[in-house]
Amino acid sequence: MSALSIGSYHTYDRMRHEDIVEFLTTARNAGVTWFDVGHYTSAARPDDPVSETDMRFAAARDAAGIAREDYFHTEKLWYGGPRPSFRDQLAESLPRARVDAADCVIYNPDTAYYFQTVVDMKDIVRQMAGLVEAGLTRYWGINHATPAEIDEACAYAHQEGMPLPSVLQLPYSAIARKMGEDSELAEVMERWDLVIQTTNVLAVGVLAGRRAAGSERPLGPTGMTRHAEKVRDAFAARAEALGATAAQLAIAFALTHPRTASVLFGASSVGQLKANLGALDLVNRLGTEGVRAAVADLPQNPDELRVGEIDTEPAVG
């Protein structure tokens, strides 16, 4: 797996087709092989597509000549409320991405929280096992679940001889470490040999200089963006002192977590992508301890959620 992975909400919606082709070609040539290609709809209305990012990715991937066997394809699956089964969701999303199967599917409970659906981890395990058996995915993972829920899913899968989850998509950044360094979660990850694909490392770009106020679309949890705006200048100064950009330092920090398999980020231009790839050089130059020491005293987000919690405050937009 590549240490850096690319995707997330609306990534390719912001670019022209020819720019996405160049973007993907640049990523491939740099050794990036993990792409998150979720089909995004409204939590309130799952039948209402809100993004074409997966379809845009597929068209540009084919134009760039990237063969299916040459990259790792992740899809998102939502649980709860009026959402159809995981298999039915893939029946819609895989053709949009022009693939026959995913390499990994990630369970996300946003719809369950929205509709106050009880999350049944055993049902999720059974559905995921069915997808693996049907050849629709090779692996599966979890986004937003409590340590107890993750442990329950792993224990049940182990007991029943079903595929265990392999990866957790987990928010983790230099200014929001509580979730990624939760001691109970660390025990669960160690017990079941789980790895992390870190997310929100740039606080949806705010930590790297993006302005939350006046954004054309919601940027995520307001507590996260508020805190990122408060420490943005100090963070940028630390990065500049190291001869790096703020984005490079943020990505480099996420790479230092001992359970990080890959850092997931989005970008809206080839220039941003090329700059962000420099995070790998920064880690090689400073080492894990050097990167962590550079931001060790920065204030942490006091509103950071606990593992498994979903922000219910209206997003900035």
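1. Rings of Phe, Tyr and Trp (its six-membered ring) pair if their centres lie within 6.5 Å. Planes under 30 degrees apart count as stacked, planes over 60 as edge-to-face, and the rest as tilted. In this structure, which is a predicted model, the rule gives a count of twelve aromatic pairs.

2. One of these pairs is F35 with Y71. The ring centres are 5.8 Å apart and the planes stand at 75°, so the pair is edge-to-face. F35 belongs to strand β2 (residues 34-36), while Y71 lies in the loop between α2 (53-64) and β3. The two residues are 36 apart, and their pairing links distant parts of the chain. Are F35 and Y71 buried or exposed? Both are buried.

3. The pair is also part of a wider group. Ring pairs join F35 and Y71 with Y12, F23 and F57 in a cluster. Y71 has a charged partner as well: the charged end of R68 sits over the Y71 ring, 4.9 Å from the ring centre.

4. The next topic is the strands. Eight of them form a closed barrel, in the order β1-β2-β3-β4-β5-β6-β7-β8, with parallel pairing. From one strand to the next, the twist averages 30°. As general background, strands of a sheet pair through backbone hydrogen bonds, either parallel or antiparallel.

5. Strand β8 (residues 260-265) has two pairings to look at. With strand β1 (residues 4-6), β8 pairs in the parallel sense over three bridges, and I6 stands opposite F265 of β8. With strand β7 (residues 195-199), the pairing is again parallel, over three bridges. Here Q197 has S262 in β8 as its bridge partner. Why is β8 described as largely enclosed by the rest of the structure? Five of its six residues are buried, so the description follows from that count.

6. Strand β7 also pairs with strand β6 (residues 167-171). The two run parallel and are joined by five bridges. Q169 stands opposite Q197 in β7. Q197 therefore appears in both pairings of this strand, as the partner of S262 in β8 and as the residue facing Q169.

7. Strand β5 (139-143) can be read in the same manner. Four bridges join strand β4 (residues 104-108) to β5, and these strands run parallel. The bridge partner of C104 in β5 is Y139. On to β6: β5 pairs with β6 in the parallel sense over three bridges, with G141 opposite V167 of β6. Four of the five residues of β5 are buried, so β5 is largely enclosed by the rest of the structure.

8. How many disulfides does a search of the whole structure find? It finds zero. C104 shows why: its sulfur is 13 Å from the closest cysteine sulfur, which is in C154, and that is too far for a bond. For comparison, a disulfide needs two cysteine sulfur atoms within 2.5 Å. Looked at from the other end, the closest cysteine sulfur to C154 is that of C104, at 13 Å. C104 counts as buried because its relative accessibility is 2%, and C154 counts as buried at 0%.

9. Two loop residues deserve separate notes. Y79 is placed in the loop between β3 (72-78) and α3 (86-96). Its relative accessibility is 10%, so Y79 counts as buried; the cut-off for buried is under 20%. Leaving aside residues up to four places away in sequence, Y79 touches F86, Y107, N108, P109, T111, A112, V118, V119, D120, D123, I124 and Q127. The C-alpha atoms of Y79 and V167 are separated by 17 Å, and the two residues are 88 apart along the chain.

10. The other loop residue is T146, found between β5 and α6 (147-160). Is T146 buried or partly exposed? T146 counts as partly exposed because its relative accessibility is 25%. Measuring C-alpha to C-alpha in the model, T146 and S268 are 32 Å apart in space, with their positions 122 residues apart in sequence numbering.

Methods
Residues numbered from 1 in each chain as written. Predicted model: local features only at pLDDT ≥ 70, side-chain atom pairs only at ≥ 80, totals over all residues. Heavy atoms only, no water. Buried < 20%, exposed > 50% of the residue type's maximum accessible area, 1.4 Å probe, protein only. Contact = heavy atoms within 4.5 Å. Lys NZ or Arg CZ within 6 Å of the ring centre and 35° of its normal. Pairing = 2+ DSSP bridges. Axes fitted to C-alpha atoms, helices over the stretch in contact; angles between N-to-C directions.
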